[in-house]
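This report describes the salt bridges, the nonpolar core and two selected residues of one protein model. The sequence and the coordinates are shown first, and the description follows.

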Amino acid sequence: IRGDIEFNGGLHMDGAVEGSITAQGAQAVLTVSEKGRVSGEIRTPNAVINGQVKGDIIVSERLELAAQARIDGNVYYKVLERAATAAERPRGQHCR
């Protein structure tokens, strides 16, 4: 998909997106599977990343970086759960 995505509730991604992904609603959850790839900014309250993201991730509540997560960008979060094999560059930042 080329273009920006806005969603409510939950979104599970197995494909590729070139563009930003923005969630509406305090309970929204974005899941990027091991097959998923995002080139662009992600803004969501909650996210589970197990694929590749090239761009900033801004999560206002809980971010989970699963075993196959590969992040090339800045990561902002309130609560982080991270698998030992997840890779992020440069570094994440805890936000209150």
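Lys78 has a relative accessible area of 39% and is therefore partly exposed, a class that falls between buried (under 20% relative accessible area) and exposed (over 50%), with a 1.4 Å probe and protein chains only. The model is a predicted one, in which local features need pLDDT of at least 70 and side-chain atom pairs count only at pLDDT 80 or more, whereas totals for chains, interfaces and linings use all residues. Residues are numbered from 1 along each chain as its sequence is written, and side-chain values use heavy atoms, with hydrogens and water left out.

**Salt bridges**

The structure holds 5 salt bridges, each defined as a side-chain nitrogen of Lys or Arg within 4 Å of a carboxyl oxygen of Asp or Glu. Three of the pairs are listed here with the distance between their closest N and O atoms.

| Pair | Closest N and O atoms |
|---|---|
| Arg2 and Glu18 | 3.3 Å |
| Glu41 and Arg43 | 2.9 Å |
| Glu61 and Lys78 | 3.8 Å |

In the pair of Glu61 and Lys78, Glu61 lies in strand β7 and Lys78 in the loop between β9 and β10 (79–82), so that parts 17 residues apart in sequence are tied together; strands here are DSSP runs (E, at least two residues), numbered from the N terminus. Like its partner, Glu61 is partly exposed, at 34% relative accessibility.

The pair of Arg2 and Glu18 also links distant parts of the chain, since Arg2 belongs to the segment before β1 and Glu18 to strand β2 (residues 16–18), 16 residues apart. Arg2 is exposed, with a relative accessible area of 74%, while Glu18 is partly exposed at 45%.

In the pair of Glu41 and Arg43, both residues are partly exposed, Glu41 with a relative accessible area of 31% and Arg43 with 40%. Arg62, Glu64 and Glu81, in turn, are joined in a network of salt bridges.

**The nonpolar core**

The largest nonpolar core, a set of buried Ala, Val, Leu, Ile, Met, Phe, Trp, Tyr and Cys residues joined through side-chain atoms within 4.5 Å, has 22 residues, of which Ile21, Ile42, Ile49, Ile57 and Leu63 touch the most other members. At least two residues of this core come from each of β1 (5–13), β3 (21–32), β5 (42–49), β7 (57–65) and β9 (75–77), and β3 contributes the most, with 5 residues.

Apart from neighbours within four places in sequence, Ile21 is in contact (heavy atoms within 4.5 Å) with Ile5, Phe7, Leu11, Met13, Leu30, Val38, Glu41, Ile42 and Arg43. The list thus includes Glu41 and Arg43, which form a salt bridge with each other.

**Leu30 and Ser33**

Leu30 is placed in strand β3 and is buried, at 0% relative accessibility. When residues up to four places away in sequence are not counted, Leu30 touches Phe7, Leu11, Met13, Ile21, Ile42, Thr44, Asn46, Ala47 and Val48. Between Leu30 and His12, which are 18 residues apart in sequence, the C-alpha to C-alpha distance is 6.2 Å.

Ser33 lies in the loop between β3 and β4 (37–39) and, at 6% relative accessibility, also counts as buried. Leaving aside neighbours within four places in sequence, Ser33 is in contact with His12, Met13, Asp14, Asn50 and Gly51.

Technical notes
Helix = DSSP H or I, 4+ residues; strand = E, 2+ residues; numbered from the N terminus.
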